[in-house]
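Subject: Handing over a structure

Hello,

I am passing a structure on to you, and I hope you enjoy looking through it. Please open it first, then read on with it beside you.

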Amino acid sequence: MPDRVYLDWNATTPLRREAREAMADAWDLFGNPSSVHAEGRRGRRMVEQARAMVAGAVGARPQNLVFTSGGTEANALALTPGLHRVGPEVTRLLVSATEHPSVLTGGRFSADAIGTINVTRSGVVDLDHVSAMLAGGPPALVSIMLANNETGLLQPIAEVAEIVHQADGLLHVDAIQALGKISFDINEMRADLISLSAHKIGGPKGIGALVAAEGVLGFEPLLRGGGQELGRRAGTENVAGIAGFGAAVKAAMSALEDDAIRIEAMRNRLEHGLRQMPGVIVFSDAASRLPNTTLFTVPGLKAETAVIGFDLAGIAVSSGSACSSGKVQPSHVVKAMGFGPEIAQGAVRLSLGWSTSDADVDRCLEAWQGLAGTLLKGSDETLLERF
């Protein structure tokens with residue numbers, strides 16, 4: 001669609017040229033990567049090259065990475081009772097209140113074994129509450145996302161890891177939004193498990209990975225059958241998707257530092273422009289955030305009509321997470337941060353990417369200036385009729 005501005009990069013990204021080319025090469029390979037003949041070995045070589053690339057980007061060993069169908073499956077595989085490292089097996093799950101729905105549902109833990117960790121007004125996990133919930137109970141798997149998909153907030157993962165490991169627990173980190181936007185290392189963070197996804201960094205949809213630290217044991221496969229992925233996930237590997245993932249990671253990591261500086265400058269200018277209207281709230285703005293993400297509202301704003309208004313102006317934005325029912329619901333992240341439903345229902349997310357330009361920011365601010373008065377007056381019907 002011509003002359004449109006895409007500011008929903010946290011939902012998904014365009015496919016990078018490098019990923020497209022790697023996938024095209026993979027489509028020309030017809031051998032099963034589990035086969036021992038030459039055709040199969042070529043496919044296996046492509047899979048293992050991508051595995052090394054993705055694992056290396058987060059400081060892990062390739063043999064500790066399991067390819068999955070995406071981030072949701074990676075999270076589900078991680079949230080497994082019985083995991084252990086040097087201590088006893090985990091029997092309960094603690095998750096922060098601002099996690100992605102695929103984590104909040106608890107994976108394979110029973111509902112009575114799941115606890116919720118509070119966050120502060122900025123969305124930072126309450127470390128005292130983490131300690132209190134771990135104290136006196138059986139060993140737990142704690143799941144905290146590195147970068148929030150709605151606000152962009154960065155959690156103090158190393159501090160959480162210290163608390164968790166002192167209580168003989170394990171730490172799972174959903175790093176899906178962080179990959180390719182900031183540098184991180186599984187060992188420096190002291191995480192035990194990390195979830196990743198390709199389509200947030202210019203790779204194809206439908207491929208992700210779960211990465212384990214050295215010595216993590218007790219995986220219970222979600223899919224049983226053949227011995228693929230060292231017995232941790234059955235099924236013939238998605239060679240083209242895996243190749244695209246590896247190529248996208250390589251491209252993203254090579255440009256990470258320069259992209260982050262440029263994108264953060266545009267994000268800051270965007271927020272400065274938004275704040276020209278009195279009453280604008282930018283969530284988590286006082287905390288460390290991803291360089292590309294803004295979640296904002298104005299009291300009285302309805303996210304659904306704001307998203308429609310932006311769309312009619314040729315700009316794609318989001319109301320928080322895109323991974324829900326397709327209906328706009330009040331942001332559970334904003335509610336968990338202590339804001340009331342009248343604020344949570346109006347949270348609009350703007351997220352930038354490597355091809356976002358200053359002209360795109362100008363278009364967004366121009367559209368906002370034209371929309372704000374109409375939206376805040378409650379004139380929703382006119383916009384809905386045009387949609």
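Below is what was found in it, starting with the sheets and ending with the cavities.

Please keep in mind that this is a predicted model.

**The seven-stranded sheet**

A good place to begin is an open sheet of seven strands, which you can follow in the order β2-β8-β7-β6-β5-β3-β4. Its pairing is mixed. At its edges stand β2 (65–68) and β4 (114–117); each has a single partner strand, so one side of each is left without a neighbour in the sheet. From one strand to the next, the twist averages 20°.

At the β2 end, the pairing is with strand β8 (residues 208–212), in the antiparallel sense and over four bridges. If you want a spot to zoom in on, F67 stands opposite A209 in β8.

Two helices that pack on this sheet are worth finding next. Helix α3 (residues 71–78) touches β2, β5 (140–143), β6 (170–174), β7 (193–197) and β8, and the direction of α3 makes about 165° with that of β7. Helix α6 (residues 157–166) also packs on the sheet, where it touches β5 and β6. The direction of α6 makes about 155° with that of β6.

**The three-stranded sheet**

There is also an open sheet of three strands, in the order β9-β10-β12 and with antiparallel pairing. Here the edge strands are β9 (281–282) and β12 (348–351), each of which pairs on one side only. Strand β10 (residues 293–297) is joined to β12 by four bridges, and the two run antiparallel. Along that pair, L295 stands opposite R349 in β12. Helix α8 packs on this sheet and touches β9, β10 and β12; the direction of α8 makes about 10° with that of β10.

**Two helices that cross**

Helix α8 (residues 239–274) comes up again, as a partner of helix α2 (residues 38–57). The two pack at an angle of about 35°, and their axes are 8 Å apart. Their crossing is left-handed. Which residues meet there? From α2 come G43, M46, V47, A50, M53, V54 and A57, and from α8 come V239, I242, A243, F245, G246, V249, K250 and M253. Of the residues in this contact, twelve are nonpolar, two are polar and one is charged.

**The cavities**

How many cavities of 30 Å³ or more does the structure hold? There are two. The largest contains about 200 Å³ of space. It is lined by 18 residues, and those closest to its centre are G180, K181, I263, G353 and W354. Its lining divides into ten nonpolar, four polar and four charged residues.

The second largest cavity holds about 30 Å³ of space. Around it you will find T98, S122, G123, N148, T151, L153, Q155, S284, V333 and M337. That lining is made up of three nonpolar and seven polar residues, with no charged ones.

That is the tour for now. Do write back if you would like to go over any part of it together.

Best wishes

Note on methods. Residues are numbered from 1 along each chain as its sequence is written. This is a predicted model: local features need pLDDT of at least 70, side-chain atom pairs count only at pLDDT 80 or more; totals for chains, interfaces and linings use all residues. Side-chain values use heavy atoms; hydrogens and water are left out. Axes are lines fitted to C-alpha atoms, for helices over the stretch in contact, and angles run from 0 to 180 degrees between N-to-C directions. A crossing is left-handed if the near helix is turned anticlockwise from the far one by less than a right angle, and right-handed if clockwise. Contact means heavy atoms within 4.5 Å. Ala, Val, Leu, Ile, Met, Phe, Trp, Tyr, Cys and Pro count as nonpolar, Asp, Glu, Lys and Arg as charged, and the others, Gly among them, as polar. On a 1 Å grid over the protein atoms alone, a cavity is a set of points where a 1.4 Å probe fits but cannot get out, and a pocket is an open set with protein on both sides within 12 Å along at least five of seven lines; lining residues have an atom within 4 Å of a point. Grid points are joined across faces, edges and corners, and a volume is the space filled by probe spheres set on the points. Two strands pair if DSSP finds at least two bridges between them.
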